[in-house]
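Colleague: I would like to go through this model and ask what stands behind the words used for it. Please keep the answers plain.

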Amino acid sequence: MGEPDPTDPDGRDGNVVCGFTVDLVEHAPRMPAGVSRVEIRLGGDTVGDLDYRTCSECRFGVLESVRVATAVRRRGLASHAVFAILSAHPAYQWSTSTITDTAEATAFWTALDWPGIGGTLPYCPHMRRADEHNP
Ligand SMILES: [Zn+2]
């Protein structure tokens with residue numbers, strides 16, 4: 001935190017993978033503790049997205065899903081997006097919804113050094129309340 005990123009000197013969330021600019025487009029939740037979505041765009045095309053939710057009251061976040069198109073996997077796109085979310089929510093405790101138990105998924109989470117695997121409740125009461133209003 002706080003260190004200037006040499007690949008991103010003007011503070012935008014652009015990054016470059018294989019010569020294409022990566023943009024993260026954030027879609028805010030419809031209510032507090034509801035689901036947020038981050039679209040991952042590569043050279044202007046949407047190639048993946050992440051669903052997550054955060055509660056500012058509990059300082060708790062849940063990463064619900066990560067999808068990246070097969071053709072552009074293993075290039076750090078999902079990691080880039082995940083770390084953008086984590087660094088936007090300092091000192092939050094994180095968890096995930098169920099992680100698919102495949103070799104690829106396990107390798108992905110291990111490579112990320114994800115802080116929230118296991119041990120925490122999947123949702124706080126505010127997230128459950130948001131779900132009740134958003135069936
Ligand atoms: Zn909460």
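Modeller: Start with one term: two strands count as paired if DSSP finds at least two bridges between them. In β4, Asp45 is the bridge partner of Leu42. The model is predicted.

Colleague: How do you know that β3 and β4 pair?

Modeller: Pairing takes at least two bridges. β3 and β4 have 8 bridges, in the antiparallel sense. One of the links into β4 is that of Ser36, whose bridge partner there is Tyr52. The two strands form a hairpin with 2 residues between them, and Gly43 in that turn has a positive phi of about 60°.

Colleague: What makes β2 a partner of β3?

Modeller: The cut-off is again at least two bridges. Strand β2, residues 20–27, is joined to β3 by 6 bridges, and the two run antiparallel. In β3, Leu42 is the bridge partner of Val22.

Colleague: What holds paired strands together, in general?

Modeller: Strands of a sheet pair through backbone hydrogen bonds, either parallel or antiparallel.

Colleague: In what order do the strands of the sheet come?

Modeller: The order is β1-β2-β3-β4-β5-β6, in an open sheet of 6 strands with mixed pairing. β1 (15–17) and β6 (93–96) each have a single partner strand, so one side of each has no neighbour in the sheet. That is why these two are said to stand at the edges. From one strand to the next, the twist averages 30°.

Colleague: Which elements does the chain have besides strands?

Modeller: The chain has 3 helices alongside its 6 strands. From the N terminus the elements run β-β-β-β-β-α-β-α-α. Helix α1 lies across β1, β2, β3, β4 and β5, at about 30° to β4.

Colleague: Why is Glu104 called exposed?

Modeller: A residue is exposed if 12 or fewer other C-beta atoms lie within 10 Å of its own. Glu104 has 9 within that distance, so Glu104 is exposed. Glu104 lies in helix α2. The C-alpha atom of Glu104 is separated by 9.9 Å from that of Arg74, 30 residues apart along the chain.

Colleague: What makes you say that helix α2 is hardly covered?

Modeller: To be buried, a residue needs 20 or more other C-beta atoms within 10 Å. Of the 10 residues of α2 (103–112), the count that are buried is 1. Just after α2, Asp113 takes a positive phi of about 55°. In the chain of 135 residues, 21% are buried.

Colleague: Which residues have the most contacts inside the largest nonpolar core?

Modeller: They are Ile40, Leu50, Val68, Leu77, Ala78, Ala81 and Met127, in a core of 24 residues. At least two residues of this core come from each of β3 (35–42), β4 (45–55), β5 (60–68), α1 (77–88) and α3 (125–132). β5 gives the most, with 5 residues.

Colleague: How do you know what Ala78 is in contact with?

Modeller: A contact requires C-beta atoms within 7 Å. Leaving aside neighbours within four places in sequence, Ala78 is in contact with Gly48, Val66, Val68 and Phe108.

Definitions and conventions:
Residues are numbered from 1 along each chain as its sequence is written. This is a predicted model: local features need pLDDT of at least 70, side-chain atom pairs count only at pLDDT 80 or more; totals for chains, interfaces and linings use all residues. Helices (H or I, at least four residues) and strands (E, at least two) are DSSP runs, numbered from the N terminus. A nonpolar core is a set of buried Ala, Val, Leu, Ile, Met, Phe, Trp, Tyr and Cys residues joined through C-beta atoms within 7 Å. Two residues are in contact if their C-beta atoms, placed from the backbone, lie within 7 Å. Axes are lines fitted to C-alpha atoms, for helices over the stretch in contact, and angles run from 0 to 180 degrees between N-to-C directions.
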